[in-house]
Amino acid sequence: MESEVRVPIDSAADIVMARQKGRTLATELGFDGSDLTLIATAISEVARNIVTHAKSGEILLAASNHGGKRGISIIARDEGPGIADVARAMQYGYSTGKGLGVGLPGAKWLMDEFEIETKVGNGTKVTMKKWLK
Amino acid sequence: MHVPILKQGDCLIASVQSVLSDADLLQLRDDLADRVGQFRSRGVIIDVTVLDVIDSFATRTLRAVAHMLKLRGAETVIVGIQPDVAFAMVQLGLTLEGVGTALDLEEGLAYLDRLSKKNLKHGK
C-alpha cells in the first residue's frame with residue numbers, strides 16, 4: 001500500500017488528478033461512502049486555491065495516526081503570495097479571486113481538522129485531516 | 001473530456017461521460033450556449049450522474065450555464081446529482097438556487113415538459 005502520494009499542482013487539470021489520487025488513498029485507508037466524496041471535494045477546493053492564488057504548488061496525501069485515531073492527512077502547499085488576512089480568508093463568501101469564497105471555509109467544514117500556516121510573500125500551507133469513524 | 005450534446009425534440013441533452021476539468025466545464029457552457037441558438041432549443045438537460053465531485057467551481061459554472069441559457073430562452077435542469085455529492089454540496093453550503101434539478105433523465109424530461117405546458121397555458 002502506497003502511504004504517501006505527492007501530486008504537483010501546476011494547472012487546473014491537476015485538480016482532477018489530486019482528488020482522484022486522494023479518493024484512491026482514502027479508499028485504501030478504509031474510508032467509504034460519503035466520506036470519500038467529502039475528502040475528494042475538500043481536496044478539490046484546496047487544490048483550486050493553489051491554482052487561483054499561487055499558480056503552482058503541491059498536494060501531499062498520507063496516512064495519519066494520532067492518539068489512537070487513524071485517518072488521512074492532506075497538505076496543500078504553495079510558494080505563492082500568502083494570505084494577508086487569514087481570518088478574512090476563512091470567512092464564508094469572502095473571495096479575492098473569482099470564486100464563490102467558499103473554498104477554504106468549505107474545506108474546513110468537510111474535514112475533521114484544518115490548519116493554515118501562511119506568511120505574506122512566503123506561501124501557504126493548509127493541513128487537513130479526516131479520521132476514520 | 002468533451003461532453004456530447006444530443007438533440008431530442010426541442011430539448012438538448014448534455015450527458016457528462018466522465019469527470020470534468022474546469023476547462024471541460026467551461027467548454028460545455030460555451031457549447032450549450034451555441035447549440036441552444038442553433039437548434040432553437042427550449043430546454044436543456046445536463047446529466048451529471050457520473051460526477052463524483054461537484055465543488056464550488058462546478059456549482060458556480062452550472063449555475064452560470066443555467067442563467068445564461070435562460071437569457072437565451074431555454075430552461076435548464078440538472079439531473080443525476082448523487083446522494084453523496086448532494087451531501088458534500090450541502091456541507092460546503094453550495095446551492096443551485098434558481099436552477100431546475102431532477103432525479104434522473106426521465107424526471108428531467110418530465111420537468112421540462114411540465115414547464116413548457118405551463119408556459120403554453122400562460123401564453124408565453
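**A walk through a predicted two-chain model**

Start with one residue: apart from residues up to four places away in sequence, B:Val36 touches B:Leu12, B:Ser41, B:Val44, B:Leu69, B:Arg72 and B:Ala74. Keep in mind throughout that this is a predicted model. B:Val36 sits in helix α1 of chain B. Is B:Val36 buried or exposed? A residue is called buried once 20 or more other C-beta atoms lie within 10 Å of its own. B:Val36 has 22 such neighbours, so it counts as buried. Not everything in the chain is close by, though: from B:Val36 to B:Val79, 43 residues along the chain, the C-alpha atoms are 18 Å apart.

Now zoom out to the rest of chain B. You'll find four helices and five strands there, and reading along the sequence gives the pattern β-β-α-β-α-β-α-β-α. Its C-alpha atoms fill a box of roughly 40 × 25 × 25 Å along the principal axes. For 124 residues, a compact globule would come out with a radius of gyration near 14 Å, and chain B has 14 Å, so the two agree. Buried residues make up 35% of chain B. Of the contacts in chain B with a separation of 6 or more, 74% are between residues 24 or more positions apart.

Over to chain A. Here, too, the secondary structure comes to four helices and five strands, but from the N terminus on the elements run β-α-α-β-β-α-α-β-β. The C-alpha trace spans about 35 × 25 × 25 Å along its principal axes. Chain A has 133 residues, for which a compact globule would have a radius of gyration near 14 Å; the chain's own value is 14 Å, so it fits that expectation. In chain A, 41% of the residues count as buried, and 62% of the contacts with a separation of 6 or more link residues 24 or more positions apart.

How are the strands of chain A laid out? They make an open sheet of five strands in the order β1-β2-β3-β5-β4, with antiparallel pairing. The edges are β1 (4-9) and β4 (113-118) of chain A, each of which pairs on one side only. Ignoring direction, neighbouring strands in this sheet are turned by 15° against each other on average. Within the sheet, take a look at β2 (residues 57-66) and β3 (residues 69-78) of chain A: they run antiparallel, and ten bridges join them. One place to spot this pairing is A:Gly57, which stands opposite A:Asp78 in β3(A).

Then there's the helix that goes with the sheet. α2(A) lies across β1, β2, β3 and β5 (124-131) of chain A, and runs at about 15° to β3(A). That helix also matters for the next stop, the nonpolar core. In soluble globular proteins, nonpolar side chains tend to be buried together. Here the largest nonpolar core has 63 residues, and those with the most contacts inside it are A:Ile39, A:Ala42, A:Ile43, A:Ala47, A:Ile59, B:Leu32 and B:Val44. Helix α2 (residues 34-53) of chain A gives the most to this core, with ten residues. For a closer look, try A:Ile59: leaving out residues up to four places away in sequence, it touches A:Val7, A:Ile9, A:Ala18, A:Ile43, A:Ala47, A:Ile74 and A:Ala76.

So what does each chain bring to the contact between them? Chain A puts in 22 residues and chain B 18. On the chain B side, the elements giving two or more residues are α1 (22-39), α2 (56-71) and α3 (83-91) of chain B, with α3(B) providing the largest share, five residues. By type, the chain B side divides into nine nonpolar, four polar and five charged residues.

Let's finish at A:Tyr92, in the loop between α3 (86-89) and α4 (103-110) of chain A. Setting aside neighbours within four places in sequence, A:Tyr92 is in contact with A:Gly101, A:Val102, A:Pro105 and B:Gly93. A:Tyr92 has 14 other C-beta atoms within 10 Å, so it is partly exposed. The C-alpha atoms of A:Tyr92 and A:Leu104 are separated by 8.3 Å, with the two positions twelve residues apart along the chain counted as their spacing.

Key. Residues are numbered from 1 along each chain as its sequence is written. Chains are lettered from A and ligands numbered from 1 in the order in which they are written. This is a predicted model: local features need pLDDT of at least 70, side-chain atom pairs count only at pLDDT 80 or more; totals for chains, interfaces and linings use all residues. The radius of gyration is taken over C-alpha atoms; the globule rule is 2.2 Å times the number of residues to the power 0.38. A residue is buried if 20 or more other C-beta atoms lie within 10 Å of its own, exposed if 12 or fewer, and partly exposed in between; C-beta atoms are placed from the backbone. Two residues are in contact if their C-beta atoms, placed from the backbone, lie within 7 Å. Ala, Val, Leu, Ile, Met, Phe, Trp, Tyr, Cys and Pro count as nonpolar, Asp, Glu, Lys and Arg as charged, and the others, Gly among them, as polar. A nonpolar core is a set of buried Ala, Val, Leu, Ile, Met, Phe, Trp, Tyr and Cys residues joined through C-beta atoms within 7 Å. Two strands pair if DSSP finds at least two bridges between them. Axes are lines fitted to C-alpha atoms, for helices over the stretch in contact, and angles run from 0 to 180 degrees between N-to-C directions.
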